[in-house]
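Trainee: I would like a close look at one part of this chain, the open sheet that contains the loop with an unusual backbone angle. Please place that sheet in the chain as a whole before going into detail.

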Amino acid sequence: MSNLESRPDEIRCGSTAVAGPVQVVEPREVPLGGPRAMTVRRTLPTHDRTMVGAWCFADHYGGPGDRADGASMDLPPHPHTGLQTVTWLFAGTVEHRDSIGSVQAVRPGELNLMTSGGGICHSEVATSAEPLHGAQLWVALPESARHGARDFEHYVTQPVSLDGGELRVFIGELAGQQSPARTYTPLLGAELTIEPGAELALAVDTDFEHGVLVDLGVVELNGTRLGRADLGCVGVGRDSLTLKAVGTEPVRLLILGGEPLNEELVMWWNFVGRSHAEIEQFREDWQQQTERFGKVVGYVGEPRWLPAPVLPTVQMKPRRNPPLH
Ligand code: MN
């Protein structure tokens, strides 16, 4: 997915509160302009939390009671740098085409993982009548990988039953389940459903930070209550996460974890870089359609590629990620 804010800021403040040991990042609604006029619920980045591990972008969209306009998503080729895009759907189907030559439909329970390396472009088109419901996530590449080769992986997860729930691991390892998807820093991504009233304690890597992004229902993370599209964050040094479905509805959520990425990022539009000058160069290269990004073959819509917005007039500065406690 493309960040289609018509005037993307470097970072804007979210509504963020620290509640005991869990930092609760409440989503802010972001209306995306351009070819996909839908509103997303964004929890990364916000003013007080720019990353969880190397996860640096989290949009939640669609679902019960949401406007059904996501079904018409038709995103022309657009660029990315310095990141991996993780497409995870709860409903609907999206066809992905990229400048490696990949053509891949992604459905619920399936991972589309695109690695930009130094530059890639892709198109995304909804191909089902059902409205889209899912999460668009980005992972920042570390310095050692951010100028590397493009890559694309598709992985169909298998659900595994737990006592009181069901788990799909799409990145990394949790509860004995492992994904083969390649990442460049130690990372975890999983979907968990919890039966009403059930409580699960999941053993996790003590070197990881963790974020819990709620899709459906109300859950308590280590005793702190989270609702729809909230991101509950905890720092390193914990060996388990306790998740309890409160209320009468089942819970569905994503668990995002990883070792802290101690690098300062500049994020603008669809680019992750390290300085204003670098972002300016990425933008120029895209506007000039240089080899940095390659070409998508087979996209039939208009425009043939998505032009970049105008750069902010102020110099964008790298953002340090506040430590999680
Ligand atoms: Mn994209």
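Mentor: Buried residues make up 57% of the 325 residues in the chain. Keep in mind that this is a predicted model. The mean pLDDT of the chain is 91, and 91% of its residues reach 70 or more. Residues 9-20 are an exception to rely on less, since their pLDDT is below 50; even so, beyond near neighbours in sequence, this stretch has 32 contacts in the model.

As for overall dimensions, the C-alpha atoms fill a box of roughly 55 × 40 × 35 Å along the principal axes. For 325 residues, a compact globule would have a radius of gyration near 20 Å, and the 18 Å of this chain agrees with that. Among contacts with a separation of 6 or more, 73% are between residues 24 or more positions apart. The secondary structure consists of one helix and 27 strands.

Now the sheet. It is open, has four strands in the order E19-E24-E21-E22, and its pairing is antiparallel. Strand E19 (199-203) and strand E22 (224-226) each have a single partner strand, so one side of each is left without a neighbour in the sheet. On average, neighbouring strands here are turned by 25 degrees against each other, direction ignored.

Start at the edge with E19. One face of E19 is covered and carries Leu-200 and Leu-202; the other is uncovered and carries Glu-199, Ala-201 and Ala-203. E19 pairs with E24 in the antiparallel sense over five bridges. One residue of the uncovered face, Ala-201, has Thr-242 in E24 as its bridge partner.

Next, step across E24 (residues 240-246) to E21 (residues 218-221). These two strands run antiparallel and are joined by four bridges. Within this pairing, Val-218 has Val-246 in E24 as its bridge partner.

The loop you asked about lies between E21 and E22, and Asn-222 is found there. Asn-222 is not a glycine, yet its phi is positive, about 50 degrees. Most residues other than glycine have a negative phi. Asn-222 counts as partly exposed because its relative accessibility is 28%, and the cut-offs are under 20% for buried and over 50% for exposed.

A second residue makes a useful comparison. Trp-269 also is not a glycine and has a positive phi, near 50 degrees. Trp-269 lies in the loop between strand E26 (266-268) and strand E27 (271-273). With a relative accessible area of 3%, Trp-269 is buried, whereas Asn-222 is partly exposed.

The backbone has two further details to note, both at prolines. The peptide bond from Leu-44 to Pro-45 is cis, with omega near -10 degrees, and Pro-45 is found in the loop between strand E4 (39-44) and E5. Glu-302 and Pro-303 are also joined by a cis peptide bond, with omega about -5 degrees; Pro-303 is in the segment after helix H1 (276-287). Most peptide bonds are trans.

For comparison with your sheet, take another open sheet of four strands, in the order E6-E11-E8-E9, again with antiparallel pairing. Its edge strands are E6 (74-80) and E9 (103-106), and each pairs on one side only. Its neighbouring strands are turned by 20 degrees against each other on average, direction ignored. Inside this sheet, E8 (residues 94-98) and E11 (residues 120-126) pair in the antiparallel sense over five bridges, with Ser-123 in E11 as the bridge partner of Arg-97.

Last, the interior. The largest nonpolar core has 34 residues, and those with the most contacts inside it are Trp-55, Val-86, Leu-137, Ile-171 and Leu-254. Strands that each supply at least two residues of this core include E5 (55-61), E7 (83-91), E15 (165-171) and E25 (251-258). The largest share, five residues, comes from E12. Leaving aside neighbours within four places in sequence, Ile-171 is in contact with residues including Trp-55, Val-86, Leu-111 and Leu-188. Apart from this core lies another, of 26 residues. Among the residues of that other core are Val-24, Leu-167, Leu-192 and Leu-241.

Technical notes:
Residues are numbered from 1 along each chain as its sequence is written. This is a predicted model: local features need pLDDT of at least 70, side-chain atom pairs count only at pLDDT 80 or more; totals for chains, interfaces and linings use all residues. Side-chain values use heavy atoms; hydrogens and water are left out. Two strands pair if DSSP finds at least two bridges between them. Axes are lines fitted to C-alpha atoms, for helices over the stretch in contact, and angles run from 0 to 180 degrees between N-to-C directions. A nonpolar core is a set of buried Ala, Val, Leu, Ile, Met, Phe, Trp, Tyr and Cys residues joined through side-chain atoms within 4.5 Å. Buried means under 20% relative accessible area, exposed over 50%, partly exposed in between (1.4 Å probe, protein chains only). Contact means heavy atoms within 4.5 Å. pLDDT is the predictor's confidence in each residue, from 0 to 100. The radius of gyration is taken over C-alpha atoms; the globule rule is 2.2 Å times the number of residues to the power 0.38.
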